[in-house]
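Here's a quick tour of a chain you can follow in the viewer. Start with the overall picture, then zoom in on a helix pair and two loop residues.

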Amino acid sequence: GTSMKRSSIRLQYNAPVTLTFFFLSLASLVLGYLTNNWTTSHLFSVYRSSMTDPLFYVRLFGHVLGHGGWNHFINNMLLFLVVAPPLEEDTEAEHSKRYPYAALVSGILQCVLFPTSALLGASGIVFMLIMLSSLAGSKNGGIPITFILVGVLYLSQQVYSIFFIQDNVANFMHIVGGICGTAFGFAVRKR
């Protein structure tokens, strides 16, 4: 008889940090639906509140996992799933250690600069990764032209949106994410 080799499809958890962040964000979205948005507003959005409230500190970091609905989640996660895995593979998850810093910076700035509104979503992290990835291709110490183009296009879009489009998008926090990504990118390059 002849033996036939059966091929099997094996799923690979190829980018553990990226996929874990994705599934935590998905879980927070589902929890929001199941709790009539209680978890979204009390755990996964950041806003100025009493510093004696223990959930305030959870929100400072947890807001990057929260999303206002499926469209918000899908728009952030599509970009995140494209940009994050190559960076994770290239830098052995070095960039992912920056997620809590970016979350903390954007959370504190939200509370200080915008005391009457709440912030949630992974867009700051996504734009941090976009700026990091546009710096990733440069090995000789020069500033890549792609980095300049991404920065100019991205900043001009965010500034335009701040002044001319009233859509409840936290454009300032996107800029903060981009600045964090730029700073982290140059710090990694110096090392």
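## Surface and overall fold

The chain exposes about 11,600 Å², and carbon and sulfur atoms supply 66% of that area. Bear in mind that this is a predicted model. Of its 191 residues, 41% count as buried.

On the secondary-structure side, there are eight helices and zero strands, so in sequence order you simply read α-α-α-α-α-α-α-α. If you look at contacts with a separation of 6 or more, 69% of them come from residues 24 or more positions apart.

## Where α3 meets α5

Two packed helices are described by the angle between their axes and the distance between the axes. Here the pair to pull up is helix α3 (residues 54–62) and helix α5 (residues 99–113): their axes come within 7 Å and cross at roughly 120 degrees.

Which residues in α3 and α5 meet? From α3, it's Phe56, Leu60 and Phe61. Across from them, α5 brings Pro100, Ala103, Leu104, Gly107, Ile108 and Cys111. Sorted by class, this contact has eight nonpolar residues, one polar and no charged ones. The polar one is Gly107, because Gly is put in the polar class.

## Two loop residues

Now for a couple of residues outside the helices. Ser49 is in the loop between α2 (38–42) and α3, while Ala118 lies in the loop between α5 and α6 (123–136).

Are they buried or exposed, or in between? Ser49 has a relative accessibility of 24%, so Ser49 counts as partly exposed. Ala118 comes in at 47%, and therefore counts as partly exposed too. The reasoning is just the cut-offs: buried means under 20% and exposed means over 50%, with partly exposed in between.

Each of them also has a C-alpha partner from far along the chain worth displaying:

| C-alpha pair | Separation along the chain | C-alpha distance |
|---|---|---|
| Ser49 and Thr116 | 67 residues | 10.0 Å |
| Ala118 and Phe44 | 74 residues | 9.9 Å |

What does Ser49 contact once its neighbours within four places in sequence are left aside? The answer is Phe56 and Arg59. Phe56 is a name you've met already, as one of the α3 residues that meet α5.

Ala118, not counting residues up to four places away in sequence, touches Ser45, Val46, Tyr47 and Gln110. Gln110 falls within α5, given that this helix covers residues 99–113.

Methods:
Residues numbered from 1 in each chain as written. Predicted model: local features only at pLDDT ≥ 70, side-chain atom pairs only at ≥ 80, totals over all residues. Heavy atoms only, no water. Axes fitted to C-alpha atoms, helices over the stretch in contact; angles between N-to-C directions. Helix = DSSP H or I, 4+ residues; strand = E, 2+ residues; numbered from the N terminus. Contact = heavy atoms within 4.5 Å. Buried < 20%, exposed > 50% of the residue type's maximum accessible area, 1.4 Å probe, protein only. Areas by Shrake-Rupley, 256 points an atom, 1.4 Å probe, with all protein chains shown as cover.
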